[in-house]
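Please open the structure in your viewer and keep the selection panel at hand. The stops below are meant to be taken in order, each with something to select and something to look for.

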Amino acid sequence: MSVAAQTSTKSLPPFSIWGVHASVAGRPVVWGKLVMRVLPDQQFQGTIQFRGTPIPIEGSWNESAKQITFHSPYAAYSGHLTIYDDVQIQLRHLVLTGRLQMLPPSLQAGEYGTWVATTDISLPEYSGYVPPQPSSTSLPPVGVFVTSNILHGNSRI
C-alpha cells in the first residue's frame, strides 16, 4: 500500500516541511520550521523547531473542515488550511494560520498568540490530483513569502 493510500488526507502532503512564524501576547516570538508526517486516521506527528532544537509535536487533522490541532510540551496550536495555486510559477502554496496557547513549563504559560506556517509544492507533482477546495485567485498573505525564505535558505533559524 502506498503512503498516500495509508493516509486520510488529500490536502496535506504525507510528509512536509513548513516555515513557521509565531507571536505571543502581540510580540513576535521567532521564526522556525515545522515538520509533519501524516499518519492514518487523520493524525500526524513531527517536530517544531524555533531555537535550534526540534521539539516533538502530535496532533490531528480534520480533512472536511481543513482544520488542524496539535501540541508540543510548551504550546497548543489550532488552525485552518488555505490553498493558493500559482499557475504561472507552477506552485501550490499551503498556508496554515491559527492561534496558540503557551503551556507550562513555558515561561509564557497562559499567554495566547497567533502563528502562520507555509509550504509549497510543485503543481506538476499533483497531476491527477483533485483539489480539496477551489483554488484561490487572490494573492496569498505576505506570510507565504516571508516564511518561504526559511524553507529556501534565505533566513537563519
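Does D41 count as buried or exposed? Select D41 before reading on, and bear in mind throughout that this is a predicted model. D41 counts as exposed, because its relative accessibility is 64%, and the cut-off for that class is over 50%. D41 lies in the loop between strand 2 and strand 3, and its phi is positive, about 60°, although D41 is not a glycine.

**The whole chain**

Now step back and colour the protein chain by secondary structure, which shows two helices and eight strands. Followed from the N terminus, the order of the elements is α-β-β-β-β-β-β-β-β-α. The protein chain has 157 residues, of which 39% are buried. Switching on a surface displays about 8600 Å² of exposed area, with carbon and sulfur atoms supplying 56% of it. Among the contacts with a separation of 6 or more, 50% are between residues 24 or more positions apart.

**Strands 6, 7 and 8**

Select residues 75-86 and residues 91-102 together: these are strand 6 and strand 7, which pair in the antiparallel sense over twelve bridges. To see one such pairing, pick A75, whose bridge partner in strand 7 is M102. Strand 6 and strand 7 form a hairpin with four residues between them, and Q90 lies in the loop that links these two strands. Like D41 at the earlier stop, Q90 has a positive phi of about 60° without being a glycine; Q90 is partly exposed, with a relative accessible area of 34%.

Next add residues 112-122, which are strand 8; strand 7 and strand 8 run antiparallel and are joined by eleven bridges. Here L91 is the residue to pick, since it stands opposite S122 in strand 8. Before leaving this region, select P104 and P105, which are joined by a cis peptide bond with omega of about 15°. P105 is placed in the loop between strand 7 and strand 8.

**The nonpolar core**

Show side chains for W18, I48, F70 and W115, which touch the most other members of the largest nonpolar core, a set of 28 residues. Each of the eight strands listed here gives two or more residues to this core: strand 1 (15-24), strand 2 (27-39), strand 3 (43-49), strand 4 (55-62), strand 5 (67-71), strand 6, strand 7 and strand 8. With F70 selected, display its surroundings: leaving aside residues up to four places away in sequence, F70 touches residues including L34, F44, I48, I57, A75, Y77 and W115.

**The salt bridges**

How many salt bridges does a search of the whole structure find? The search finds two. For one of them, select R92 and D85, whose side chains meet in a salt bridge at 2.6 Å from N to O. R92 is placed in strand 7, and it counts as buried because its relative accessibility is 3%, where the cut-off is under 20%. For the other, select E63 and K66, which form a salt bridge with the closest N and O atoms 3.3 Å apart. Both E63 and K66 are buried. As a general point, side chains of opposite charge can pair when their charged atoms come close.

Methods
Residues numbered from 1 in each chain as written. Predicted model: local features only at pLDDT ≥ 70, side-chain atom pairs only at ≥ 80, totals over all residues. Heavy atoms only, no water. Buried < 20%, exposed > 50% of the residue type's maximum accessible area, 1.4 Å probe, protein only. Contact = heavy atoms within 4.5 Å. Areas by Shrake-Rupley, 256 points an atom, 1.4 Å probe, with all protein chains shown as cover. Pairing = 2+ DSSP bridges. Core = buried A, V, L, I, M, F, W, Y, C linked by side-chain atoms within 4.5 Å. Salt bridge = Lys/Arg side-chain N within 4 Å of Asp/Glu carboxyl O.
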